[in-house]
Amino acid sequence: MCSILTKVRPIHRAVALSLRLGASTECSRYAATQSRRLSRGVNSVVDPLLINARFYCSRTAKTEGLLFRQFTYLHCKFVQNTICHLFEVESCTYTYLLADTKTKEAIIIDPVLETIDRDLNLVMELGLKLTLAVNTHCHADHITSSGLMKKRVSGLKSAISKFSGASADILLSEGDKIAFGKHYLTVRETPGHTDGCITFVSADESMVFTGDSLLIRGCGRTDFQQGCPKCLYDSVHDKIFTLPDNCLIYPAHDYLGQTVSTVGEERKFNPRLTKSKDEFVEIMNNLNLPKPFKIDVSVSANLVCGLHGL
Ligand SMILES: N[C@@H](CCC(=O)N[C@@H](CSS)C(=O)NCC(=O)O)C(=O)O
């Protein structure tokens, strides 16, 4: 059995440092792609600095008076199988913070338990008033911090789809508006990955937060939690691909470090959703992906805002 190699080459250190330092989007994307590339072979040299790397990057929003941040939760861990120790990225989850720059009212989308301090520190630093923590669905791969956030931020409310089966202060459905200052997001129901998946569209349709319904050049799996490939196909085509071509897509995950796409790009290049519905169903029924590491604990915890045992 081979062991974890600790020899640090300059390229690996550069990758690790850019991950750790919360470097620019381009840098982060490069780093994540490199880390994945480096992790493929059994003899890959893995920089220990990559373990538990957590970072965030910022982007500007096209909308006047809208503050926008995209955070990455990249939790890397070593997994031992029968052949070797493999370097595996466990969860590549994006959390989004949006705020009205004038009133300072803010909302957070898909916050992760492990990064609650990072998120709340930035909220505090920027002088924002966080009013809502909303989840795009009942996640299977990580635990939400929305419940714990409610305990730490006075007046904060939680929200999730009414079809998620989860408890929250606000149960959302099609057409609901999530307001923060002069801005708002509109809820579109996009079931398929789970029954309770929702997508949020900004008022000027310049941004869409797709959760796991649509990923960059991919989409959420449909093999557990009421997964339904046909429903997912219809959801994406009817509720997301009908948005303008230049609408920016912000997903809940990316496993290659890609941070953003557009509706036009995905409509053209998404290798799953550009197929016919029958072909899509065939693809989705044969993904043969391993179950998320934390599925058992995550789903039950997320049904209660991540507050199990707290
Ligand atoms: N290795 C990860 C889980 C990866 C995974 O299954 N991702 C989900 C979204 S989180 S439930 C997914 O839908 N992936 C689609 C795909 O094509 O990869 C872990 O162990 O957490």
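## Exercises on a predicted model

Strand β11 sends Met207, Phe209 and Gly211 to one side and Val208 and Thr210 to the other, and all of them are buried. The model is predicted.

**Exercise 1. Decide how enclosed β11 is, and say why.**

Solution.
- Look at both faces. Met207, Phe209 and Gly211 point one way and are buried.
- Val208 and Thr210 point the other way and are buried too.
- Count them. Five of the five residues are buried, so β11 is largely enclosed by the rest of the structure.

**Exercise 2. Work out how β11 pairs with β10 and with β12.**

Solution.
- Recall the two options: strands of a sheet pair through backbone hydrogen bonds, either parallel or antiparallel.
- Take β10 (198-202). It runs antiparallel to β11, with two bridges between them.
- Fix the register: Val201 is opposite Val208 of β11.
- Check the connection. The hairpin of β10 and β11 has four residues between the strands, and Glu205 there has a positive phi near 55 degrees.
- Turn to β12 (residues 248-251). It runs parallel to β11, joined by four bridges.
- Fix the register here as well: Gly211 has Pro251 in β12 as its bridge partner.

**Exercise 3. Place the strands in their sheet and find its edges.**

Solution.
- Write the order: β8-β9-β10-β11-β12-β13, six strands in an open sheet with mixed pairing.
- Find strands with a single partner. These are β8 (177-180) and β13 (261-262), so one side of each has no neighbour in the sheet.
- Examine the β8 edge. β8 pairs with β9 (residues 183-189) in the antiparallel sense over four bridges.
- Name one pair: Phe180 is bridged to His183 in β9.

**Exercise 4. Test the length of helix α5 and find what covers its buried residues.**

Solution.
- α5 covers residues 229-240, twelve residues.
- At 1.5 Å a residue, the expected span is 16 Å; the end C-alpha atoms are 16 Å apart, which agrees.
- List the buried residues: Pro229, Leu232, Tyr233, Ser235, Val236, Lys239 and Ile240.
- Name the cover. It includes β9, β10, β11, α6 (263-269) and α7 (277-284).

**Exercise 5. Describe the residues around the ligand.**

Solution.
- Twelve residues surround the ligand.
- Sort them by class: four nonpolar, four polar and four charged.
- Pick out the nearest: Asp141, Gly220, Arg221, Pro292 and Phe293.

**Exercise 6. Set the UniProt domain against the fold.**

Solution.
- An unreviewed UniProt entry lists "domain: Metallo-beta-lactamase" for residues 92-253.
- That stretch is 18% helix and 33% strand.
- Its end C-alpha atoms are 5 Å apart.

Conventions: Residues numbered from 1 in each chain as written. Predicted model: local features only at pLDDT ≥ 70, side-chain atom pairs only at ≥ 80, totals over all residues. Near = placed C-beta within 6 Å. Nonpolar A, V, L, I, M, F, W, Y, C, P; charged D, E, K, R; others polar. UniProt positions renumbered as here; feature names shortened; annotations may be inferred. Pairing = 2+ DSSP bridges. Expected span 1.5 Å × (residues − 1). Buried ≥ 20, exposed ≤ 12 C-beta atoms within 10 Å, placed from the backbone. Contact = placed C-beta atoms within 7 Å.
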